[in-house]
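The following paragraphs lead the reader through one protein structure. They begin with a single pairing and widen from there to the chain as a whole.

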Amino acid sequence: MMQDYQQELGAIRQLLKKNPNGMSVTDISRALKKNKNTIGRYLDILLISGQVDMRTYGMAKVYTLSQRVPLSAMLSYSKELIMVLDNEFRIIDINTNFLALLHLSREEAVGKNISFLQSPEVDVHELLESVSKERKEAETTVTFLVKGKGERIFHQKCIPTVFDDGGKGITLILEDVTERILAEREIRESEERFRMMAENIRDGLIILENGKTMYANHRIAEITGYSFKELWAMNTLSIIPQECRDEVTWRIRDIESHPETPSDLKMWVIRKDGEKRFVYVRINAVRHGTILYNFVIFTDITELKNQEAKVCESEQRFRMMAENIQDGLIIVENDKVVYTNHRINKISGYSDKEMMTMGLHGTIVVEDVSGGMADAGLIPLSEKTKIEEIVKSVQPDSGVPGEFRIWIRRKDGIPRFIHGKVTAARRGSVTSTYITIADITDFAERENALRQRIDALQDLLR
(Lines give C-alpha, C1' and ligand atoms only; values in the text may rest on other atoms or scores of the structure.)
Protein backbone atom coordinates (compact mmCIF):
# COMPACT_ATOMS: atom_id res chain seq x y z
CA MET A 1 0.00 0.00 0.00
CA MET A 2 2.87 2.39 0.91
CA GLN A 3 4.49 1.53 -2.40
CA ASP A 4 1.29 2.42 -4.30
CA TYR A 5 1.08 5.69 -2.33
CA GLN A 6 4.65 6.65 -3.28
CA GLN A 7 4.01 5.60 -6.88
CA GLU A 8 0.95 7.87 -7.08
CA LEU A 9 2.92 10.81 -5.68
CA GLY A 10 5.74 10.09 -8.15
CA ALA A 11 3.28 9.98 -11.03
CA ILE A 12 1.86 13.40 -10.07
CA ARG A 13 5.38 14.88 -9.84
CA GLN A 14 6.27 13.48 -13.29
CA LEU A 15 3.07 14.87 -14.77
CA LEU A 16 3.71 18.33 -13.34
CA LYS A 17 7.28 18.21 -14.57
CA LYS A 18 5.96 17.75 -18.11
CA ASN A 19 3.53 20.66 -17.64
CA PRO A 20 5.63 23.50 -16.12
CA ASN A 21 2.80 26.04 -16.58
CA GLY A 22 0.74 24.13 -14.01
CA MET A 23 -2.34 21.89 -13.89
CA SER A 24 -5.59 21.95 -11.94
CA VAL A 25 -6.96 19.02 -9.88
CA THR A 26 -9.37 18.23 -12.74
CA ASP A 27 -6.54 18.18 -15.31
CA ILE A 28 -4.40 15.85 -13.16
CA SER A 29 -7.40 13.60 -12.36
CA ARG A 30 -8.27 13.29 -16.04
CA ALA A 31 -4.65 12.63 -17.10
CA LEU A 32 -4.08 9.92 -14.43
CA LYS A 33 -7.66 8.64 -14.60
CA LYS A 34 -8.09 8.95 -10.84
CA ASN A 35 -10.81 10.29 -8.60
CA LYS A 36 -10.56 14.08 -7.99
CA ASN A 37 -10.85 13.64 -4.22
CA THR A 38 -7.96 11.16 -4.20
CA ILE A 39 -5.82 13.46 -6.36
CA GLY A 40 -6.69 16.36 -4.02
CA ARG A 41 -5.44 14.42 -0.99
CA TYR A 42 -2.19 13.52 -2.81
CA LEU A 43 -1.67 17.16 -3.79
CA ASP A 44 -2.18 18.25 -0.16
CA ILE A 45 0.60 15.86 0.89
CA LEU A 46 2.92 17.23 -1.82
CA LEU A 47 2.00 20.81 -0.91
CA ILE A 48 2.65 20.29 2.81
CA SER A 49 6.00 18.64 2.11
CA GLY A 50 6.98 21.56 -0.12
CA GLN A 51 7.24 19.47 -3.30
CA VAL A 52 4.59 21.45 -5.19
CA ASP A 53 3.43 25.07 -5.24
CA MET A 54 -0.16 26.25 -5.64
CA ARG A 55 -1.50 29.42 -7.24
CA THR A 56 -5.14 30.50 -7.18
CA TYR A 57 -6.93 31.91 -10.24
CA GLY A 58 -10.44 32.81 -9.17
CA MET A 59 -12.00 29.56 -7.96
CA ALA A 60 -9.42 27.40 -9.69
CA LYS A 61 -6.25 26.09 -8.01
CA VAL A 62 -3.25 25.48 -10.24
CA TYR A 63 -0.36 23.30 -9.07
CA THR A 64 3.23 23.41 -10.31
CA LEU A 65 6.30 21.44 -9.34
CA SER A 66 8.23 23.29 -6.64
CA GLN A 67 11.56 24.75 -7.78
CA ARG A 68 13.71 23.87 -4.78
CA VAL A 69 17.43 23.78 -4.28
CA PRO A 70 18.43 20.54 -2.58
CA LEU A 71 19.23 21.17 1.08
CA SER A 72 22.45 19.21 0.82
CA ALA A 73 23.70 21.52 -1.96
CA MET A 74 22.83 24.61 0.06
CA LEU A 75 24.68 23.24 3.09
CA SER A 76 27.77 22.34 1.06
CA TYR A 77 28.26 25.45 -1.07
CA SER A 78 26.82 28.30 0.98
CA LYS A 79 29.20 30.79 2.60
CA GLU A 80 26.71 31.31 5.40
CA LEU A 81 26.45 29.19 8.54
CA ILE A 82 23.43 26.87 8.22
CA MET A 83 21.76 24.64 10.79
CA VAL A 84 18.55 22.64 10.25
CA LEU A 85 16.35 21.88 13.29
CA ASP A 86 13.23 19.74 13.60
CA ASN A 87 10.14 20.82 15.49
CA GLU A 88 11.69 19.64 18.76
CA PHE A 89 14.83 21.74 18.14
CA ARG A 90 17.00 18.72 17.41
CA ILE A 91 19.82 19.34 14.95
CA ILE A 92 18.95 17.52 11.71
CA ASP A 93 21.87 18.84 9.69
CA ILE A 94 24.61 21.46 9.96
CA ASN A 95 27.17 22.69 7.46
CA THR A 96 30.95 22.74 7.75
CA ASN A 97 31.16 26.51 8.32
CA PHE A 98 28.90 26.29 11.39
CA LEU A 99 30.86 23.33 12.77
CA ALA A 100 34.15 25.22 12.26
CA LEU A 101 32.85 28.18 14.28
CA LEU A 102 31.65 25.94 17.10
CA HIS A 103 34.81 23.78 17.04
CA LEU A 104 32.59 20.65 17.00
CA SER A 105 32.53 17.55 14.85
CA ARG A 106 29.38 16.48 13.00
CA GLU A 107 28.90 13.56 15.41
CA GLU A 108 28.99 15.99 18.37
CA ALA A 109 26.22 18.15 16.89
CA VAL A 110 23.79 16.17 14.69
CA GLY A 111 20.90 14.56 16.55
CA LYS A 112 21.34 16.67 19.71
CA ASN A 113 18.86 19.23 21.01
CA ILE A 114 20.26 22.71 20.45
CA SER A 115 19.60 23.54 24.12
CA PHE A 116 22.35 21.07 25.06
CA LEU A 117 24.82 22.34 22.47
CA GLN A 118 28.15 23.09 24.12
CA SER A 119 31.15 24.54 22.33
CA PRO A 120 34.62 24.49 23.91
CA GLU A 121 35.62 27.78 22.26
CA VAL A 122 32.44 29.78 21.68
CA ASP A 123 29.77 31.28 23.93
CA VAL A 124 26.48 30.36 22.20
CA HIS A 125 23.97 31.49 24.84
CA GLU A 126 22.71 34.36 22.63
CA LEU A 127 22.02 31.90 19.81
CA LEU A 128 20.07 29.64 22.16
CA GLU A 129 18.00 32.56 23.41
CA SER A 130 17.18 33.68 19.86
CA VAL A 131 15.92 30.26 18.76
CA SER A 132 12.54 29.79 20.45
CA LYS A 133 9.06 28.89 19.35
CA GLU A 134 7.95 32.47 19.91
CA ARG A 135 10.75 33.96 17.77
CA LYS A 136 11.56 31.26 15.25
CA GLU A 137 10.43 33.36 12.26
CA ALA A 138 12.28 36.49 13.34
CA GLU A 139 15.37 38.07 11.84
CA THR A 140 17.86 39.26 14.40
CA THR A 141 21.54 39.79 15.13
CA VAL A 142 23.44 37.36 17.32
CA THR A 143 26.95 37.66 18.73
CA PHE A 144 29.37 34.88 19.54
CA LEU A 145 32.28 35.47 21.88
CA VAL A 146 35.18 33.41 20.55
CA LYS A 147 38.07 32.72 22.91
CA GLY A 148 41.13 34.73 21.93
CA LYS A 149 39.37 36.36 18.95
CA GLY A 150 36.67 38.56 20.48
CA GLU A 151 33.28 39.12 18.87
CA ARG A 152 31.84 37.44 15.80
CA ILE A 153 28.57 39.06 14.78
CA PHE A 154 25.98 37.38 12.53
CA HIS A 155 22.68 38.34 10.93
CA GLN A 156 20.34 35.46 11.70
CA LYS A 157 17.32 34.30 9.68
CA CYS A 158 14.96 31.61 10.95
CA ILE A 159 13.15 30.06 7.98
CA PRO A 160 10.19 27.68 8.54
CA THR A 161 11.01 24.39 6.85
CA VAL A 162 8.89 21.42 5.71
CA PHE A 163 10.63 18.09 5.19
CA ASP A 164 9.79 15.45 2.54
CA ASP A 165 7.82 13.42 5.07
CA GLY A 166 5.65 16.42 5.94
CA GLY A 167 7.43 17.14 9.21
CA LYS A 168 8.09 20.76 10.15
CA GLY A 169 11.17 22.52 11.47
CA ILE A 170 13.31 25.60 10.98
CA THR A 171 16.51 26.41 9.14
CA LEU A 172 18.93 28.85 10.76
CA ILE A 173 21.02 30.89 8.33
CA LEU A 174 23.75 33.06 9.84
CA GLU A 175 25.50 35.67 7.68
CA ASP A 176 28.81 36.97 9.05
CA VAL A 177 28.46 40.77 9.35
CA THR A 178 31.27 41.29 11.88
CA GLU A 179 33.36 43.66 9.76
CA ARG A 180 30.37 45.75 8.68
CA ILE A 181 28.92 46.01 12.19
CA LEU A 182 32.28 46.87 13.75
CA ALA A 183 32.91 49.49 11.05
CA GLU A 184 29.44 50.99 11.63
CA ARG A 185 30.04 50.92 15.38
CA GLU A 186 33.38 52.70 14.93
CA ILE A 187 31.72 55.33 12.74
CA ARG A 188 28.94 55.85 15.31
CA GLU A 189 31.48 56.14 18.13
CA SER A 190 33.54 58.57 16.07
CA GLU A 191 30.43 60.63 15.28
CA GLU A 192 29.45 60.58 18.95
CA ARG A 193 32.91 61.76 19.99
CA PHE A 194 32.75 64.53 17.39
CA ARG A 195 29.26 65.56 18.47
CA MET A 196 30.29 65.57 22.12
CA MET A 197 33.30 67.72 21.28
CA ALA A 198 31.35 70.06 18.99
CA GLU A 199 28.57 70.59 21.53
CA ASN A 200 30.95 71.33 24.40
CA ILE A 201 33.38 73.78 22.81
CA ARG A 202 32.91 77.48 23.49
CA ASP A 203 32.96 78.30 19.77
CA GLY A 204 30.05 78.13 17.37
CA LEU A 205 30.49 75.60 14.57
CA ILE A 206 28.76 75.23 11.21
CA ILE A 207 29.63 72.51 8.70
CA LEU A 208 28.60 72.87 5.07
CA GLU A 209 28.69 70.30 2.27
CA ASN A 210 28.87 71.93 -1.16
CA GLY A 211 27.38 75.09 0.33
CA LYS A 212 24.52 73.34 2.15
CA THR A 213 24.42 73.49 5.94
CA MET A 214 24.67 69.96 7.34
CA TYR A 215 25.45 70.65 10.99
CA ALA A 216 25.46 73.46 13.53
CA ASN A 217 26.12 73.22 17.25
CA HIS A 218 24.15 74.81 20.06
CA ARG A 219 26.74 77.54 20.61
CA ILE A 220 25.67 79.20 17.35
CA ALA A 221 22.17 79.65 18.76
CA GLU A 222 23.62 80.95 22.04
CA ILE A 223 25.76 83.57 20.29
CA THR A 224 23.00 84.87 17.99
CA GLY A 225 19.95 84.28 20.19
CA TYR A 226 18.11 82.70 17.25
CA SER A 227 16.98 79.09 17.01
CA PHE A 228 18.37 76.85 14.25
CA LYS A 229 15.09 77.03 12.37
CA GLU A 230 15.09 80.83 12.50
CA LEU A 231 18.72 81.07 11.36
CA TRP A 232 18.19 78.82 8.33
CA ALA A 233 15.07 80.74 7.29
CA MET A 234 16.52 84.27 7.56
CA ASN A 235 18.97 86.24 5.42
CA THR A 236 22.42 85.98 7.02
CA LEU A 237 23.12 89.69 6.48
CA SER A 238 20.07 90.63 8.54
CA ILE A 239 22.05 90.01 11.76
CA ILE A 240 24.86 92.35 10.59
CA PRO A 241 24.56 96.03 11.59
CA GLN A 242 23.70 98.26 8.64
CA GLU A 243 26.97 100.21 8.85
CA CYS A 244 29.02 96.98 8.54
CA ARG A 245 27.08 95.20 5.78
CA ASP A 246 28.99 96.58 2.79
CA GLU A 247 32.35 95.48 4.17
CA VAL A 248 31.04 92.08 5.30
CA THR A 249 29.33 91.53 1.91
CA TRP A 250 32.60 92.27 0.12
CA ARG A 251 34.50 89.86 2.39
CA ILE A 252 31.90 87.11 1.90
CA ARG A 253 32.10 87.46 -1.89
CA ASP A 254 35.89 87.26 -1.71
CA ILE A 255 35.62 84.09 0.41
CA GLU A 256 33.08 82.55 -2.01
CA SER A 257 35.39 83.24 -4.97
CA HIS A 258 38.22 81.37 -3.21
CA PRO A 259 36.31 78.61 -1.37
CA GLU A 260 39.34 76.43 -0.57
CA THR A 261 41.49 79.25 0.84
CA PRO A 262 41.40 79.66 4.65
CA SER A 263 39.78 82.98 5.53
CA ASP A 264 38.77 84.97 8.57
CA LEU A 265 36.88 88.12 9.40
CA LYS A 266 35.81 90.07 12.45
CA MET A 267 32.39 91.66 12.59
CA TRP A 268 29.58 92.83 14.80
CA VAL A 269 26.32 90.88 14.88
CA ILE A 270 22.97 91.84 16.36
CA ARG A 271 21.37 89.22 18.58
CA LYS A 272 17.66 88.54 18.51
CA ASP A 273 17.29 90.55 21.74
CA GLY A 274 19.02 93.54 20.11
CA GLU A 275 22.37 93.17 21.92
CA LYS A 276 25.45 93.66 19.74
CA ARG A 277 28.17 91.01 19.91
CA PHE A 278 31.59 91.05 18.24
CA VAL A 279 32.57 87.73 16.62
CA TYR A 280 35.71 86.34 15.05
CA VAL A 281 34.88 84.02 12.14
CA ARG A 282 37.34 81.51 10.66
CA ILE A 283 36.55 79.50 7.54
CA ASN A 284 38.48 76.43 6.44
CA ALA A 285 37.74 74.06 3.58
CA VAL A 286 38.51 70.42 2.83
CA ARG A 287 37.68 68.71 -0.47
CA HIS A 288 36.87 65.00 -0.36
CA GLY A 289 36.10 63.60 -3.79
CA THR A 290 33.30 65.72 -5.26
CA ILE A 291 32.30 67.19 -1.89
CA LEU A 292 33.67 70.47 -0.55
CA TYR A 293 33.38 70.71 3.22
CA ASN A 294 33.47 74.17 4.78
CA PHE A 295 34.06 74.49 8.53
CA VAL A 296 32.90 77.86 9.87
CA ILE A 297 33.96 78.64 13.45
CA PHE A 298 32.45 81.56 15.38
CA THR A 299 34.17 82.91 18.49
CA ASP A 300 32.39 85.51 20.58
CA ILE A 301 35.14 88.01 21.46
CA THR A 302 32.86 90.80 22.68
CA GLU A 303 34.45 90.86 26.13
CA LEU A 304 37.92 91.00 24.59
CA LYS A 305 36.77 93.78 22.28
CA ASN A 306 35.38 95.70 25.25
CA GLN A 307 38.61 95.16 27.20
CA GLU A 308 40.65 96.39 24.24
CA ALA A 309 38.42 99.47 24.07
CA LYS A 310 38.93 100.08 27.78
CA VAL A 311 42.70 99.63 27.44
CA CYS A 312 42.74 101.96 24.43
CA GLU A 313 40.70 104.54 26.33
CA SER A 314 43.01 104.19 29.32
CA GLU A 315 46.07 104.60 27.10
CA GLN A 316 44.53 107.68 25.51
CA ARG A 317 43.88 109.19 28.95
CA PHE A 318 47.45 108.36 29.99
CA ARG A 319 48.93 109.91 26.85
CA MET A 320 46.79 113.00 27.26
CA MET A 321 47.99 113.39 30.84
CA ALA A 322 51.63 112.55 30.00
CA GLU A 323 51.75 114.96 27.09
CA ASN A 324 50.32 117.85 29.10
CA ILE A 325 52.43 117.70 32.25
CA GLN A 326 55.32 120.19 32.63
CA ASP A 327 57.87 117.49 33.43
CA GLY A 328 59.56 115.20 30.98
CA LEU A 329 58.65 111.51 31.25
CA ILE A 330 60.67 108.44 30.29
CA ILE A 331 59.31 104.89 30.77
CA VAL A 332 61.82 102.05 30.75
CA GLU A 333 60.79 98.37 30.71
CA ASN A 334 63.47 95.73 31.14
CA ASP A 335 66.22 98.32 30.42
CA LYS A 336 64.55 99.48 27.20
CA VAL A 337 62.98 102.91 26.64
CA VAL A 338 59.37 102.27 25.60
CA TYR A 339 57.86 105.76 25.94
CA THR A 340 58.93 109.42 26.08
CA ASN A 341 56.60 112.39 26.19
CA HIS A 342 56.76 115.60 24.24
CA ARG A 343 58.34 117.53 27.13
CA ILE A 344 61.38 115.21 27.39
CA ASN A 345 61.94 115.69 23.68
CA LYS A 346 62.15 119.45 24.24
CA ILE A 347 64.47 119.07 27.24
CA SER A 348 66.89 116.64 25.54
CA GLY A 349 66.48 117.71 21.91
CA TYR A 350 66.09 114.06 20.85
CA SER A 351 63.01 112.61 19.10
CA ASP A 352 61.01 109.64 20.43
CA LYS A 353 62.59 107.33 17.88
CA GLU A 354 66.13 108.48 18.72
CA MET A 355 65.60 108.03 22.45
CA MET A 356 64.16 104.56 22.02
CA THR A 357 67.01 103.58 19.70
CA MET A 358 69.88 104.92 21.85
CA GLY A 359 68.43 104.15 25.27
CA LEU A 360 68.54 106.19 28.42
CA HIS A 361 72.31 106.41 29.01
CA GLY A 362 73.14 106.90 25.38
CA THR A 363 70.82 109.90 25.19
CA ILE A 364 71.31 111.87 28.41
CA VAL A 365 74.95 113.01 28.39
CA VAL A 366 75.97 113.95 31.91
CA GLU A 367 78.09 117.07 32.62
CA ASP A 368 80.37 117.52 35.62
CA VAL A 369 79.68 121.03 36.93
CA SER A 370 82.92 121.35 38.83
CA GLY A 371 85.03 119.68 36.20
CA GLY A 372 83.59 121.40 33.16
CA MET A 373 81.80 119.93 30.20
CA ALA A 374 82.32 116.27 29.40
CA ASP A 375 83.21 115.27 25.86
CA ALA A 376 80.18 115.08 23.58
CA GLY A 377 78.60 111.66 23.57
CA LEU A 378 80.42 110.48 26.74
CA ILE A 379 79.05 110.12 30.28
CA PRO A 380 81.52 110.51 33.15
CA LEU A 381 81.76 107.11 34.78
CA SER A 382 81.08 108.47 38.27
CA GLU A 383 77.75 110.09 37.26
CA LYS A 384 76.62 107.19 35.10
CA THR A 385 77.28 104.71 37.90
CA LYS A 386 75.45 106.95 40.38
CA ILE A 387 72.28 107.09 38.24
CA GLU A 388 72.37 103.33 37.63
CA GLU A 389 72.62 102.73 41.38
CA ILE A 390 69.67 105.06 42.04
CA VAL A 391 67.53 103.24 39.42
CA LYS A 392 68.44 99.83 40.85
CA SER A 393 67.80 100.93 44.43
CA VAL A 394 64.19 101.93 43.77
CA GLN A 395 61.90 99.09 44.86
CA PRO A 396 58.83 98.46 42.68
CA ASP A 397 55.57 99.77 44.18
CA SER A 398 57.42 101.06 47.30
CA GLY A 399 56.24 104.65 46.92
CA VAL A 400 59.74 105.95 47.84
CA PRO A 401 61.31 107.60 44.77
CA GLY A 402 64.99 107.94 43.97
CA GLU A 403 66.27 111.44 43.08
CA PHE A 404 69.20 112.94 41.22
CA ARG A 405 70.36 116.32 39.90
CA ILE A 406 72.77 116.43 36.99
CA TRP A 407 73.85 118.55 34.06
CA ILE A 408 73.09 117.12 30.61
CA ARG A 409 74.00 118.22 27.12
CA ARG A 410 71.15 118.56 24.65
CA LYS A 411 71.47 117.22 21.13
CA ASP A 412 72.31 120.77 19.97
CA GLY A 413 75.12 121.01 22.57
CA ILE A 414 73.32 123.37 24.99
CA PRO A 415 73.79 122.28 28.63
CA ARG A 416 70.72 121.89 30.84
CA PHE A 417 70.45 121.19 34.53
CA ILE A 418 67.76 118.66 35.42
CA HIS A 419 66.11 117.23 38.53
CA GLY A 420 65.04 113.59 38.13
CA LYS A 421 62.77 111.32 40.16
CA VAL A 422 62.69 107.55 39.72
CA THR A 423 59.77 105.23 40.64
CA ALA A 424 59.05 101.63 39.62
CA ALA A 425 56.15 99.18 39.31
CA ARG A 426 56.00 95.48 38.53
CA ARG A 427 53.32 93.71 36.45
CA GLY A 428 53.98 89.99 36.25
CA SER A 429 57.50 89.51 34.94
CA VAL A 430 57.78 93.07 33.60
CA THR A 431 59.30 95.85 35.72
CA SER A 432 58.51 99.38 34.54
CA THR A 433 60.72 102.28 35.62
CA TYR A 434 59.24 105.80 35.45
CA ILE A 435 61.70 108.72 35.29
CA THR A 436 60.25 112.23 35.55
CA ILE A 437 62.61 115.06 34.65
CA ALA A 438 62.23 118.75 35.44
CA ASP A 439 64.38 121.34 33.69
CA ILE A 440 65.72 123.51 36.55
CA THR A 441 68.43 125.23 34.55
CA ASP A 442 67.01 128.72 35.32
CA PHE A 443 66.92 127.88 39.03
CA ALA A 444 70.52 126.59 38.90
CA GLU A 445 71.68 129.73 37.05
CA ARG A 446 69.91 132.03 39.56
CA GLU A 447 71.39 130.01 42.41
CA ASN A 448 74.84 130.31 40.84
CA ALA A 449 74.41 134.10 40.36
CA LEU A 450 73.33 134.46 43.99
CA ARG A 451 76.39 132.56 45.16
CA GLN A 452 78.60 134.83 43.05
CA ARG A 453 77.08 138.00 44.63
CA ILE A 454 77.47 136.53 48.13
CA ASP A 455 81.10 135.72 47.37
CA ALA A 456 81.62 139.28 46.09
CA LEU A 457 80.08 140.84 49.24
CA GLN A 458 82.24 138.65 51.43
CA ASP A 459 85.33 139.87 49.55
CA LEU A 460 84.29 143.53 50.19
CA LEU A 461 83.79 142.93 53.90
CA ARG A 462 87.25 141.51 54.41
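In this predicted model, a useful starting point is D123, whose bridge partner in β7 is L145. The two strands concerned, β6 and β7 (residues 139–146), pair in the antiparallel sense over 2 bridges. In general, the strands of a sheet pair through backbone hydrogen bonds, in either a parallel or an antiparallel manner.

This pairing belongs to an open sheet of 6 strands, arranged in the order β5-β4-β9-β8-β7-β6 with antiparallel pairing. The edges are occupied by β5 (91–94) and β6 (122–123); each has a single partner strand, so one side of each is left without a neighbour in the sheet. Helix α8 (residues 178–200) packs on the sheet, where it touches β8 (150–162) and β9 (168–176). The direction of α8 makes about 125° with that of β8.

The nonpolar interior may be considered next. The largest nonpolar core holds 26 residues, of which M83, L85, I94, F98, F144 and L172 touch the most other members. At least two residues of this core come from each of β4 (81–86), β5, α5 (96–102), β7, β8 and β9. Helix α5 gives the most, with 4 residues.

One of the core residues named above, F144, merits a closer view. Leaving aside residues up to four places away in sequence, F144 touches L101, V122, D123, V124, L127, G150, E151, R152, F154 and L174. D123, the bridge partner of L145, is thus also among the contacts of F144. Apart from the largest core lies another, of 20 residues, including A216, I223, L265 and M267.

Elsewhere in the chain, T224 lies in helix α9 (residues 218–224). Is T224 buried or exposed? Residues under 20% relative accessible area are classed as buried, and T224 counts as buried because its relative accessibility is 9%. Its side chain reaches the backbone oxygen of I220 at 3.0 Å and the backbone nitrogen of Y226 at 3.3 Å. Beyond residues up to four places away in sequence, T224 touches L231, I239, R271 and K272.

The view may now be widened to the whole chain. The protein chain contains 17 helices and 20 strands, and buried residues make up 35% of its 462 residues. Among contacts between residues at least 6 apart in sequence, 38% join residues at least 24 apart. The accessible surface of the chain comes to about 29,300 Å², with 52% of it belonging to carbon and sulfur atoms.

Methods. Residues are numbered from 1 along each chain as its sequence is written. This is a predicted model: local features need pLDDT of at least 70, side-chain atom pairs count only at pLDDT 80 or more; totals for chains, interfaces and linings use all residues. Side-chain values use heavy atoms; hydrogens and water are left out. Buried means under 20% relative accessible area, exposed over 50%, partly exposed in between (1.4 Å probe, protein chains only). A polar contact is a pair of N or O atoms within 3.5 Å; within protein, one must be able to donate a hydrogen and the other to accept it, and residues adjacent in sequence count only if both atoms are side-chain atoms. Contact means heavy atoms within 4.5 Å. Two strands pair if DSSP finds at least two bridges between them. Axes are lines fitted to C-alpha atoms, for helices over the stretch in contact, and angles run from 0 to 180 degrees between N-to-C directions. Accessible areas come from the Shrake-Rupley method with a 1.4 Å probe; for residues, only the protein chains shown count as cover. A nonpolar core is a set of buried Ala, Val, Leu, Ile, Met, Phe, Trp, Tyr and Cys residues joined through side-chain atoms within 4.5 Å.
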